[in-house]
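User: Please take a close look at the salt bridges here. I would like to know where they sit and how exposed their residues are.

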Amino acid sequence: MNYNEVTLAYFENTPAAGVLLGPGILRGAAGNRAHGTWVQFDLQVDARMVQAARFLAFGCPHTIAVAAWVAERAPGGELRAALPESVAQLSERFAVPVEKRGRLLIIEDAWLACVRGEPQVHRGNLE
Amino acid sequence: MSRPVYLDHAATTPVDPRVAAAMARCLTAEGEFGNPASASHAFGDAAAALVETARAQVAASVGAAPDEVVWTSGATEANNLAIFGVAEYYGESGRHIVTARTEHKAVLDPCRELERRGWRVTYLAPDGGGLIQPEQVAAALQADTVLVSIMHVNNEIGVIQDIARIAAICAQHDSARLHVDAAQSAGKCPIEFATLGVDLMSLSAHKVYGPKGVGALLMSRGGGAAGGSRRESVQMRARQFGGGQERGLRAGTVATHQVVGMGMAFELAREALQTEATRLTPLRERLWQGLAALGGALRNGDARHSVPHLLNVSFEGVEGESLLAAVRGHLAVSTGSACTSALREASYVLRALGRGDVLSESSLRFGLGRDTCERDIDAAVAAVGQAVSRLRRLSGV
């Protein structure tokens, strides 16, 4: 499998990997490790503005790279249900093969679950 | 940037420089470039002599007679020739075949094609270590079984099947011929074709530092067998026609340089077989111990019955495609999955052993070779360790 430069860069560097701790952190996850793809986002939000974001992902390099890119882009923006780009745009940016685009929907589901989620009680720090 | 450490010798090996030099001498005007079938002049005679020398070298390396060697383009063609050739020759006396779920696709796909043509195929399930018990073969034989095809060494997990006992069982059957795919064992494990009791055996050159594009099918001419008396020599129908080469079984001009390369590669492999096995066994164990220390590493295949040059390990808590991508810059290895499209398909071999999809996909196959040293093993452990730790951290495991 060949990956484009953006995918390789985000897969190898994984900015914003980890979890957030503290009061009021939003957390949401989607997918299933046993089925090959699982993604989690943590968001720190103040007055509906995203202050910080982290992600965890079990999946292919495209999944990890896109989740990392989404988490990196989130801080400074308004808390919105939509991803920074549509699934189609993300597919193009990361050259995601059509057979794997369902994994982007899992990332989108994880983001939605996070945005709509209840503030978390934390279990530990992975950073 | 330095090249990755090559640990994919089970996929292919570089051509030995001595082999390459011998091959080159068969290509140009100064060398033996003649058509070995041209009996009317010295050029043809010289090429034919080289072909027969190579035939003798291959035969000697696996304990066969030269006239039992049929050149092919590789083990895949040899497997196809054996399976279809036997099926077509003996098809009127029986239409049942026994094989294993863990065979190479070059055996499974011909079997499936025969099923489409109305044949019945029994696919034996291995135990958790990948072994087929000879008793399973005995139980699967039917009155109209004409062929049993069981590989010697599995190409993914490296387990060695008990071919001698399976051969003895087949020898007691009225019509079951035994074919063995030995692509992964010839030149690496001791083989005595003449006494093993096997009817047909597929060989490949490029797994033992020979060229790609050449292999052979050994066809027993009958005689003694381990554990029982072998029947008459095995017969086959040809698959291709057009010149009568290779006793009419495989038409086409014999590629002198290719078979010369295979002959020398097999001779060199036979000379190095014991010392390489002795050298590689501790290296493979060093690799396993290093990987096991990472935690969550599962060895695939029965370690008590495996070849020294191959190790297959699954890693818990990591996704296979990412694992391969993470080590790719440092390490050339194979995975336990096939890329049939952008989506990966879990290894059918590992699934047959009872591994789930995720563990099957997260496996790496390490193939050690003549140039593999401790430094390579340590580099592999470091690269895999770094990748596994990072991916587990990323996945929150």
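Analyst: A residue is called buried when its relative accessible area is under 20%, exposed when that value is over 50%, and partly exposed in between. The model is a predicted one.

Take Glu52(B) to begin with: its relative accessible area is 42%, and that value lies between the two cut-offs, so Glu52(B) is partly exposed. The side chain of Glu52(B) forms a salt bridge with that of Arg55(B), with N and O 2.9 Å apart. Both residues belong to helix 2 of chain B, which covers residues 42–61. They are three residues apart, so about one helical turn separates them. Arg55(B) has a relative accessible area of 9% and is therefore buried. This salt bridge thus pairs a partly exposed residue, Glu52(B), with a buried one, Arg55(B).

Arg55(B) also meets the side chain of Glu246(B) in a salt bridge, with an N to O distance of 2.9 Å. Arg55(B) is in helix 2 of chain B, whereas Glu246(B) is in the loop between strand 8 (215–219) and helix 8 (256–292) of that chain, so this salt bridge ties together parts that are 191 residues apart in sequence. Here both partners, Glu246(B) and Arg55(B), are buried.

The loop that holds Glu246(B) also holds Arg247(B). Arg247(B) counts as exposed, at 53% relative accessibility. Its backbone deserves a remark too. Most residues other than glycine have a negative phi. Arg247(B) is not a glycine, yet its phi is positive, near 55 degrees. Chain A offers another case: Ala16(A) has a positive phi of about 65 degrees, and Ala16(A) lies in the loop between helix 1 and strand 1 (26–32) of chain A.

Back in chain B, Asp16(B) and Arg370(B) form a salt bridge across 3.3 Å, N to O. Asp16(B) is in the loop between strand 1 (5–6) and helix 1 (17–24), and Arg370(B) is in the loop between strand 15 (363–367) and helix 12 (374–394), so the pair connects parts of chain B that are 354 residues apart in sequence. Asp16(B) is buried, at 7% relative accessible area, while Arg370(B) is partly exposed, at 26%. Arg18(B) joins these two residues in a network of salt bridges.

Over all chains the count is 24 salt bridges. Between chain A and chain B the count is one. That salt bridge runs from Lys100(A) to Glu321(B), and its closest N and O atoms are 2.8 Å apart. The two chains also have six residue pairs in polar contact. On the side of chain A that touches chain B, helix 1 (5–13), strand 3 (49–58) and helix 2 (61–73) are the elements that give two or more residues. Strand 3 of chain A gives the most, with four residues. By class, this side of chain A has 15 nonpolar, four polar and five charged residues.

As for the whole contact, 24 residues come from chain A and 19 residues from chain B. The area buried between chain A and chain B is about 1700 Å², and carbon and sulfur atoms give 61% of that area.

Key:
Residues are numbered from 1 along each chain as its sequence is written. Chains are lettered from A and ligands numbered from 1 in the order in which they are written. This is a predicted model: local features need pLDDT of at least 70, side-chain atom pairs count only at pLDDT 80 or more; totals for chains, interfaces and linings use all residues. Side-chain values use heavy atoms; hydrogens and water are left out. Contact means heavy atoms within 4.5 Å. Buried area is the accessible area (1.4 Å probe) that two parts lose on being put together, summed over both. A salt bridge is a side-chain nitrogen of Lys or Arg within 4 Å of a carboxyl oxygen of Asp or Glu. A polar contact is a pair of N or O atoms within 3.5 Å; within protein, one must be able to donate a hydrogen and the other to accept it, and residues adjacent in sequence count only if both atoms are side-chain atoms. Ala, Val, Leu, Ile, Met, Phe, Trp, Tyr, Cys and Pro count as nonpolar, Asp, Glu, Lys and Arg as charged, and the others, Gly among them, as polar. Buried means under 20% relative accessible area, exposed over 50%, partly exposed in between (1.4 Å probe, protein chains only).
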